[in-house]
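Hi there,

Here is the structure we talked about, for you to open at your bench. My notes on it follow below.

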Amino acid sequence: QVQLVESGGGLVQPGGSLRVSCAASGFTFSSYVMSWYRQAPGKERELVGVITPSGNTQYADAVKGRFTISRDNAKSTMYLQMNSLKPDDTAVYYCKRNRGDYWGKGTLVTVSS
C-alpha cells in the first residue's frame, strides 16, 4: 500500500535552516508528481511547492527563494530544504502524492528563539 513518511522536523531559531524528508513506498515514486504542504496552528493547509518526476519545481510566493524541493528517485525520497526560516514558517509539514489522495502524517517544524 502507498505510504508516505515525513521526518526531520524540529525546533530551529529564526534565520536558521532545516531539511525535512518524505520517504515513499508502495508505488513507483519516480513516476509521480509530489508536493509539500503545511498547516500552521489555526490556519488552513496550504501548498508549499511541487516537484515533477524530472525535478522541475514550483513554489508558493511565501517560500520562493528560501525553500528548495528536491527528490532522489533511486531512494524514493523527496526533500524540503528550508533556509532563512521565520516564525511564520512554524507548521506541520506534509508530503502528498499528487495522483490520488495520499498524505503523510506530517512533521512539525517550529521556528522560535
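How many aromatic pairs does the structure hold? There are four aromatic pairs in this predicted model. A pair of aromatic rings is described by the distance of the centres and the angle of the planes. With that in mind, start with Phe27 and Phe29: their ring centres are 6.4 Å apart and their planes meet at 50°, so this pair counts as tilted. The cut-offs behind that word are under 30 degrees for stacked and over 60 for edge-to-face, with the rest called tilted.

Phe27 also pairs with Tyr32, and here the arrangement is edge-to-face, with 5.2 Å from centre to centre and 90° between the planes. Together, these ring pairs link Phe27, Phe29 and Tyr32 into a cluster.

Are these rings buried or exposed? Phe29 has a relative accessible area of 2% and is buried. Phe27 has a relative accessible area of 15%; buried means under 20%, so Phe27 is buried too. Tyr32, at 15% relative accessibility, likewise counts as buried.

Now for the fold as a whole. The protein has zero helices and 11 strands, so you will see the β pattern repeated from one end of the sequence to the other. Its radius of gyration is 13 Å, close to the 13 Å that the globule rule gives for 113 residues, so the protein is as compact as a globular protein of that length. If you want dimensions for a figure, the C-alpha trace spans about 40 × 25 × 20 Å along its principal axes.

Of the 113 residues, 41% are buried. Among contacts with a separation of 6 or more, 53% are between residues 24 or more positions apart. The protein exposes about 6,100 Å², and carbon and sulfur atoms supply 45% of that area.

One sheet is worth picking out on screen. Four strands form an open sheet in the order 1-3-8-7, with antiparallel pairing. Its edge strands are strand 1 (3-7) and strand 7 (67-72), each of which pairs on one side only. Neighbouring strands in this sheet are turned by 15° against each other on average, direction ignored.

Which strand does strand 7 pair with? Strand 7 runs antiparallel to strand 8 (residues 77-82), and six bridges join the two. To find your way between them, look for Ile69, which stands opposite Leu80 in strand 8.

Best wishes

Terms used. Residues are numbered from 1 along each chain as its sequence is written. This is a predicted model: local features need pLDDT of at least 70, side-chain atom pairs count only at pLDDT 80 or more; totals for chains, interfaces and linings use all residues. Side-chain values use heavy atoms; hydrogens and water are left out. Two strands pair if DSSP finds at least two bridges between them. Axes are lines fitted to C-alpha atoms, for helices over the stretch in contact, and angles run from 0 to 180 degrees between N-to-C directions. The radius of gyration is taken over C-alpha atoms; the globule rule is 2.2 Å times the number of residues to the power 0.38. Buried means under 20% relative accessible area, exposed over 50%, partly exposed in between (1.4 Å probe, protein chains only). Contact means heavy atoms within 4.5 Å. Accessible areas come from the Shrake-Rupley method with a 1.4 Å probe; for residues, only the protein chains shown count as cover. Rings of Phe, Tyr and Trp (its six-membered ring) pair if their centres lie within 6.5 Å; planes under 30 degrees apart count as stacked, over 60 as edge-to-face and the rest as tilted.
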